[in-house]
Amino acid sequence: MTKDDIITLPNPALREKSVRVHVITDETKQLIDDMKAAALDWEDSRPHEIAVALAAVQINRLERVVIVRSDFENKEDRSFTVLINPEVVKYEGDIVTEHEGCLSVRDIYGAVPRHDKIRMKALDENGLEIRARAEGFLARVLQHEIDHTNGICFIDHIDTQEDAFFVLTEKGDLEPTPYANVVEAGIFRE
Ligand SMILES: [Zn+2]
């Protein structure tokens, strides 16, 4: 699998709900390997970005499987944590607005309000239950990925039309982009 297997908006699959994984099979393990390969290939093509996480729907497989990078700060660490059937158990903390991007929203970043603390549960790749509290950037990443399993993309959380969208410059900086350009990309829910 390569970055070319990653689907992007307006592909309608990204607005569909994924199904729960009931039994973790060799096929599930292959899916996880495919997701890691696609995410890392994407990263290797992008000088300023890290492939922080990916949901299975993003390679067009409507299953509740998510991978999250083990270390967001260190690109050399190419390992991921696997979350199967992840869900938010409780939203906590304050609502904080920060920039987000997505491998399935080509070249557009947005300012997205989210809870800064959550409690989540999932299964690991061996089927063992994981329960965790997350805050800050990790809490944001988990909410973004769990949204994907429910057919929601980050742009669906943005109400404000002005000053909420950005593009990445060649130097790696975020620069505001007019709302009209984002509309033209055809990525909003109908
Ligand atoms: Zn995403």
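**Exercise 1.** How many bridges join strand 4 to strand 6, and in which sense do the two strands run? Identify the partners along this pairing and along the next strand pair.

*Solution.* The model is a predicted one.
Step 1. Strand 4 and strand 6 run antiparallel and are joined by 3 bridges.
Step 2. Two residue pairs illustrate the register: Tyr 109 has Phe 166 of strand 6 as its bridge partner, and Gly 110 is partnered by Phe 165.
Step 3. Strand 6 also pairs with strand 7 (residues 174-176), again in the antiparallel sense, over 3 bridges. Here Val 167 is the residue whose bridge partner in strand 7 is Glu 175.
Step 4. The hairpin of strand 6 and strand 7 has 5 residues between the strands, and Gly 172 takes a positive phi near 100°.

**Exercise 2.** Describe the remaining pairings of strand 4, with strand 3 and with strand 5.

*Solution.*
Step 1. Strand 3 and strand 4 are antiparallel, with 13 bridges joining them. A hairpin through 2 residues connects strand 3 to strand 4.
Step 2. Within this pairing, Thr 97 has Pro 113 of strand 4 as its bridge partner.
Step 3. Strand 5 (residues 129-135) is joined to strand 4 by 7 bridges, and these strands too run antiparallel. Leu 123 faces Glu 129 of strand 5.
Step 4. The hairpin formed by strand 4 and strand 5 leaves 5 residues between them, and Gly 127 in its turn has a positive phi of about 85°.
Strand 4 is therefore bridged to strand 3, to strand 5 and to strand 6, a conclusion resting on the criterion that DSSP finds at least two bridges between paired strands.

**Exercise 3.** Test the length of helix 1 against the expected rise, and determine which side of the helix is buried.

*Solution.*
Step 1. Helix 1 has 19 residues, which at 1.5 Å a residue should span 27 Å; the end C-alpha atoms are 27 Å apart, so the two values agree.
Step 2. The buried residues of helix 1 are Leu 31, Met 35, Ala 38, Ala 39 and Trp 42. Because they cover an arc of only 95° around the axis, they lie on the same side of helix 1.
Step 3. The face turned away from this buried side carries the exposed residues Asp 26, Lys 29, Gln 30 and Asp 33.
Step 4. Strand 1 and strand 2 are included in what covers the buried residues.

**Exercise 4.** Which residues of the largest nonpolar core touch the most other members, and which elements contribute to this core?

*Solution.*
Step 1. The core has 43 residues, of which Met 35, Ala 38, Ala 39, Leu 54, Ala 56, Val 66 and Ile 67 touch the most other members.
Step 2. Two or more residues come from each of helix 1 (26-44), strand 1 (53-55), strand 2 (65-69), strand 3 (80-102), strand 4 (105-123), helix 2 (136-149) and strand 6 (165-168).
Step 3. Leaving aside residues up to four places away in sequence, Ala 56 touches Ser 18, Leu 31, Met 35, Arg 61, Glu 63 and Val 65.

**Exercise 5.** Characterise the overall fold and dimensions of the protein chain.

*Solution.*
Step 1. The chain comprises 3 helices and 7 strands, arranged along the sequence as α-β-β-β-β-β-α-β-β-α.
Step 2. The radius of gyration is 16 Å, close to the 16 Å given by the globule rule for 190 residues, so the chain is as compact as a globular protein of that length.
Step 3. Along the principal axes, the C-alpha atoms fill a box of roughly 45 × 35 × 35 Å.
Step 4. Of the 190 residues, 31% are buried.
Step 5. Among contacts between residues at least 6 apart in sequence, 64% join residues at least 24 apart.

Conventions:
Residues are numbered from 1 along each chain as its sequence is written. This is a predicted model: local features need pLDDT of at least 70, side-chain atom pairs count only at pLDDT 80 or more; totals for chains, interfaces and linings use all residues. Helices (H or I, at least four residues) and strands (E, at least two) are DSSP runs, numbered from the N terminus. The radius of gyration is taken over C-alpha atoms; the globule rule is 2.2 Å times the number of residues to the power 0.38. A residue is buried if 20 or more other C-beta atoms lie within 10 Å of its own, exposed if 12 or fewer, and partly exposed in between; C-beta atoms are placed from the backbone. Two residues are in contact if their C-beta atoms, placed from the backbone, lie within 7 Å. A nonpolar core is a set of buried Ala, Val, Leu, Ile, Met, Phe, Trp, Tyr and Cys residues joined through C-beta atoms within 7 Å. The expected span of a helix is 1.5 Å times one less than its number of residues. The arc is that of the directions from the helix axis to the C-beta atoms.
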